[in-house]
Amino acid sequence: MKTNILARDTVPPITLPPDKTLLDMLYYMKLTRELEFRIERKLYRQGKIVGGVYVGRGQEAIAVGSCIDLRQDDAVCPSHRDMGAFLIRGMTLRTILAQYMGRKTGATKGKDSNMHMGDLSKNLVAFVSMLGDNVPVAAGIGLSFKMRGQDRVALCFFGDGATSRGDWHEGINMASVFKVPVVFICNNNQYAYSTPLERQMAVENVADRAEAYGMPGEIIDGNDIVAVWDAASRAIERARSGHGPALIECKTFRMTGHSAHDDAGYVPHELFEFWKERDPIHRFEQLLTDRGLTTPTAIEELQQRINFEIDEAIQAAEKDPLPEPADCLRDVYFEGTEE
Amino acid sequence: MAVTTYVEAIRQGIWEEMEKDERVFVIGEDVGIYGGAFKVTAGMLERFGEWRIIDTPISESGIVGAAIGAALMGMRPVAEMQFADFISCAFDQITNFAAKCRYRWGAGIPIVVRGPSGGGVHGGPFHSQNPEMYFVHTPGLKVVCPATAYDAKGLIKAAIRDPDPVIYFEHKFLYRRVKEELPTDDFVVPIGKAAIRRKGADITIVTYGAMVYTALDAAKELEKEGIDLEIIDLRSLLPFDKEAVLDSVRKTNKVILLHEDTQIGGFAGELAAIISEEAFEYLDGPIRRITAPNTPVPYSPPLEEFFLPKVSDVIRVARELYAY
């Protein structure tokens with residue numbers, strides 16, 4: 001099938017990344033999970049985070065597996081369930097937590113909330129709530145690389161729901177027409193808020209849509225970080241060498257509600273049970289243990305280290321100042337003399 | 001010096017900025033081989049090549065989104081909307097993405113989105129609109145509406161150099177009807193500065209775009225009756241030159257607000273509020289608005305003629321206000 005030309009059965013069996021990369025993957029997945037646990041289940045419930053909170057529990061393998069090998073000069077356009085992308089690109093825990101707590105030291109100085117953060121020095125592009133808007137933007141990023149002859153790549157993330165929006169289609173089409181170096185990564189977590197996939201689209205797979213735009217699409221197990229890394233690496237290499245964009249559909253599941261206030265009562269219990277068995281972190285811990293790269297004790301020590309890092313960052317962010325009310329008026333336009 | 005049309009002035013402005021700054025590029029529908037529906041980009045493909053004059057699919061949101069992405073990576077895109085009416089298709093990218101990036105995370109988006117607006121050419125409801133106010137209502141954007149060839153060139157150059165997103169509405173009625181000799185040196189017209197098109201003592205008319213000429217024609221007629229109009233051409237709507245408006249109103253004590261855009265939510269309403277807040281005690285008569293009626297722009301000549309504000313409207317209202 002044309003849409004699966006990147007599929008695993010047409011390429012050699014997956015070679016694992018170097019051991020260091022594997023251990024980094026474990027660290028970033030566990031860091032993501034713990035950080036989002038604190039944000040959603042602790043700080044939000046304690047009233048220390050106001051507004052909306054969206055997490056990617058159960059989807060950690062996707063951002064981590066696809067971003068881990070990027071170059072610093074590559075660009076990333078995360079969506080709202082891709083915390084791992086921010087961590088790997090070097091946004092600090094303190095900056096992220098200050099962002100969630102509306103502090104002046106947060107990535108948006110209190111101007112925007114939660115995952116709506118970016119940092120141009122890290123080539124991280126801030127997400128907006130209009131799903132799919134980052135798709136044409138990523139196409140333009142890729143276009144700028146191509147027109148300047150740079151061998152940089154952009155990664156663009158979105159959920160299954162975003163693929164129903166017109167901007168998604170315009171951006172995917174334009175990226176393909178211009179053959180720009182962009183890898184599109186779909187977190188297909190089966191639900192857009194309360195709307196299940198079959199109400200979202202009449203095709204079976206998001207990747208099926210790739211064929212209509214003349215770009216390769218591949219379906220992978222999004223809860224298998226090695227599969228994510230493998231597919232992303234091939235697509236990134238392909239894009240970097242001038243062969244254009246690709247779409248990777250990562251099948252996964254949202255192990256929470258849409259946001260912190262949503263108990264996901266509309267999701268059949270069996271679905272959660274099914275996907276709990278396929279938890280990306282537990283599976284990966286098992287793989288690394290089987291290969292002698294880690295041990296249950298080492299995993300526990302890693303967890304303790306992560307807890308400590310997050311504790312420290314929360315304490316620091318909580319002490320950080322809130323913005324001044326009049327900061328509301330700042331930075332609508334460029335305020336310097338030369339940019 | 002050669003006489004330059006308004007449309008040629010825009011072309012020259014873009015061309016010169018592209019020669020000067022390799023980050024500048026043009027992206028839009030039919031801008032390459034065809035040179036743009038109104039020939040604003042004629043000859044550019046041959047000079048700058050297909051990666052700086054980029055023909056796109058019909059995807060206004062995609063065009064603006066791509067411009068934003070390129071701008072984030074250090075480029076200076078000029079996105080063409082084939083008709084300004086089609087900018088509604090890119091509304092979300094402009095108002096939610098481009099306009100808010102700097103405020104949210106300090107990422108300036110130095111893009112220009114330009115396109116032909118306005119009526120008088122029998123374009124009908126989808127090729128004649130004046131969509132400026134959707135964007136004037138969006139903090140983070142700048143909005144300009146040049147009326148002369150000099151301003152068309154000076155403002156497109158200023159817009160391209162500006163670190164923030166600028167929406168540039170060029171009036172298609174003026175493309176080949178307005179021309180003047182332009183200086184050969186590199187000049188810009190600063191965004192946010194109005195121009196006094198006619199000095200006068202009796203009534204201020206604040207306007208912009210093609211209506212500048214409607215006001216000037218009316219002034220010629222009214223002069224014969226001893227009514228002396230002062231005509232302020234705003235040139236920029238966001239930011240706009242509040243002091244120029246207030247200074248003139250404080251001098252003449254009477255004001256007419258004139259625009260081709262429809263009335264409800266039009267710029268005249270905002271101006272009226274500011275004048276009454278900040279110059280109320282200087283007014284010797286009611287603030288008067290002359291605008292298009294609150295309808296879509298109709299096609300058939302008698303309908304469109306009815307829709308567009310006319311010289312006779314300005315003369316009538318000026319006489320009423322003068323007698324006040």
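This is a dialogue on how to read some features of a predicted model with chains A and B.

Colleague: Let's start with the overall picture. How many helices and strands does chain B have?

Modeller: Keep in mind that this is a predicted model. Chain B has 12 helices and 14 strands. Its C-alpha trace spans about 60 × 40 × 40 Å along the principal axes.

Colleague: What does the radius of gyration of chain B tell me?

Modeller: You hold it up against the value for a compact globule. With 324 residues, such a globule would come out near 20 Å, and chain B has 19 Å, so the two agree.

Colleague: And what share of the residues of chain B count as buried?

Modeller: Buried means under 20% relative accessible area. By that cut-off, 64% of the 324 residues of chain B are buried. As for the surface, the accessible area of chain B is about 11,800 Å², and 55% of that belongs to carbon and sulfur atoms.

Colleague: What about contacts along the chain?

Modeller: Look at how many positions separate the partners. Among contacts in chain B with a separation of 6 or more, 83% are between residues 24 or more positions apart.

Colleague: How far apart are the mean positions of the positive and negative charges of chain B?

Modeller: They're 2 Å apart, with 35 positive and 46 negative charges going into those means.

Colleague: Now the meeting of the two chains. How many residues does each chain bring to the contact?

Modeller: Chain B brings 37 residues and chain A brings 43. Together they bury about 3,400 Å², with 67% of it on carbon and sulfur atoms. Look for M73(B), Y103(B) and R104(B): they supply 24% of the area that chain B buries against chain A, more than any other three residues.

Colleague: Let's zoom in on a helix. Is helix α4 of chain A largely enclosed or largely open?

Modeller: Count its buried residues. Helix α4 of chain A covers residues 93-100, and six of the eight are buried, so the rest of the structure largely encloses it. The buried ones are L93(A), I96(A), L97(A), A98(A), Q99(A) and Y100(A).

Colleague: What do the buried residues of α4(A) pack against?

Modeller: They pack against α1 (19-43), α3 (83-88) and α11 of chain A. Just after α4(A) you reach G102(A), which takes a positive phi of about 65°.

Colleague: You mentioned α11. Can we look at a residue there?

Modeller: Sure, try Q303(A), which sits in helix α11 (residues 296-319) of chain A. Q303(A) has a relative accessible area of 16%, so it is buried. Setting aside neighbours within four places in sequence, Q303(A) is in contact with K30(A) and E34(A).

Colleague: Why might two partners like that be four places apart?

Modeller: Here's the general idea: an α-helix has 3.6 residues a turn, so residues three or four places apart point the same way.

Colleague: Which residues of chain B have a positive phi although they are not glycines?

Modeller: K39(B) is one, with a phi of about 70°. K39(B) is in the loop between β2 (24-28) and α2 (44-48) of chain B, and at 33% relative accessibility it counts as partly exposed. N253(B) is another, also with a phi of about 70°, and N253(B) lies in the loop between α9 and β13 (255-262) of chain B.

Colleague: Last one: which residues does the cis peptide bond in chain B join?

Modeller: It joins L238(B) and P239(B), and omega is about -5°. P239(B) is in the loop between β12 (236-238) and α9 (242-252) of chain B.

Methods
Residues numbered from 1 in each chain as written. Chains lettered and ligands numbered in written order. Predicted model: local features only at pLDDT ≥ 70, side-chain atom pairs only at ≥ 80, totals over all residues. Heavy atoms only, no water. Helix = DSSP H or I, 4+ residues; strand = E, 2+ residues; numbered from the N terminus. Rg over C-alpha atoms; globule rule 2.2 N^0.38 Å. Buried < 20%, exposed > 50% of the residue type's maximum accessible area, 1.4 Å probe, protein only. Contact = heavy atoms within 4.5 Å. Areas by Shrake-Rupley, 256 points an atom, 1.4 Å probe, with all protein chains shown as cover. Lys, Arg positive; Asp, Glu negative; His and termini not counted. Charge placed at Lys NZ, Arg CZ, Asp CG, Glu CD. Buried area = accessible area lost by both parts, 1.4 Å probe.
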